[in-house]
Amino acid sequence: MFIAQKLRNQSVSAYLIYMYQVEDLVRAYGLDTDRIATEYLSRFNYDDKQLKQAVEWYESLARMMREERKEGTGHVQVVQNTIDLLEDHHRELLADDDERDYRVAYYRALPHIAALRSQGNNKDKHEMENCIDTLYGVTLLRMQGKELSEGTKSALTPITELLRLCEEKEQTSVNL
């Protein structure tokens, strides 16, 4: 919860990747917030007030996941809304004639995005969601100590650059 708040103000991409992790963590605990509190949150040196806030936040997230039927996969609406806002900003930048550097970055990343979209259940996802999914997948692979394929390695730089530029341009306009 505390990390999510901090990341939300610093980097939309980092926030989304963190929220993907949190959703997976909640799923790993079977949406059981008592287990999350005793087995996970107890690892942190929270004072009573912080612990209460964290438990309430995880309870709220688990409740949203149940209500939105996201117990197994997918993202709660608040996360999806953030992805949608990022996608909207991406589309605005592409349409802006003054954003040539953004379009160059986009066309560098596009073959990788297209390859991602052709795989599995990515066809109906926004381009920015595919980019975030890629970074999250890389995060998971690295956490597991697994090697990245050459294709994944070659996709990382242009995708990361596109997201960086999108966020940078966003910070000079309106917050997502």
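In this predicted model, the second largest pocket is lined by residues that begin with His112, Ala115, Leu116 and Gln119. The lining continues with Asp133, Thr134, Gly137, Val138 and Leu141, and it is completed by Gly151, Thr152 and Ala155. Three elements each give two or more residues to this lining: helix H6 (100-117), helix H7 (127-143) and helix H8 (150-171). Of the contributors, H7 gives the most, with five residues. Sorted by class, the lining holds five nonpolar residues, six polar ones and one charged residue. The space in this second largest pocket comes to about 180 Å³.

Attention can now turn to another part of the chain, where two helices pack against each other. Helix H3 (residues 33-40) and helix H4 (residues 48-67) meet at an angle of about 145°, and their axes lie 9 Å apart. The crossing of this pair, H3 and H4, is right-handed. On the H3 side, the residues in the contact are Thr33, Ile36, Ala37 and Tyr40. Their partners in H4 are Val55, Tyr58, Glu59 and Ala62. By class, the contact of H3 with H4 is made up of six nonpolar residues, one polar residue and one charged residue.

A step back shows the chain as a whole. The chain contains eight helices and zero strands, so that reading from the N terminus the elements run α-α-α-α-α-α-α-α. With a radius of gyration of 17 Å, close to the 16 Å that the globule rule gives for 176 residues, the chain is therefore as compact as a globular protein of that length. Along its principal axes, the C-alpha trace of the chain spans about 50 × 35 × 30 Å.

Note on methods:
Residues are numbered from 1 along each chain as its sequence is written. This is a predicted model: local features need pLDDT of at least 70, side-chain atom pairs count only at pLDDT 80 or more; totals for chains, interfaces and linings use all residues. Side-chain values use heavy atoms; hydrogens and water are left out. On a 1 Å grid over the protein atoms alone, a cavity is a set of points where a 1.4 Å probe fits but cannot get out, and a pocket is an open set with protein on both sides within 12 Å along at least five of seven lines; lining residues have an atom within 4 Å of a point. Grid points are joined across faces, edges and corners, and a volume is the space filled by probe spheres set on the points. Helices (H or I, at least four residues) and strands (E, at least two) are DSSP runs, numbered from the N terminus. Ala, Val, Leu, Ile, Met, Phe, Trp, Tyr, Cys and Pro count as nonpolar, Asp, Glu, Lys and Arg as charged, and the others, Gly among them, as polar. Axes are lines fitted to C-alpha atoms, for helices over the stretch in contact, and angles run from 0 to 180 degrees between N-to-C directions. A crossing is left-handed if the near helix is turned anticlockwise from the far one by less than a right angle, and right-handed if clockwise. Contact means heavy atoms within 4.5 Å. The radius of gyration is taken over C-alpha atoms; the globule rule is 2.2 Å times the number of residues to the power 0.38.
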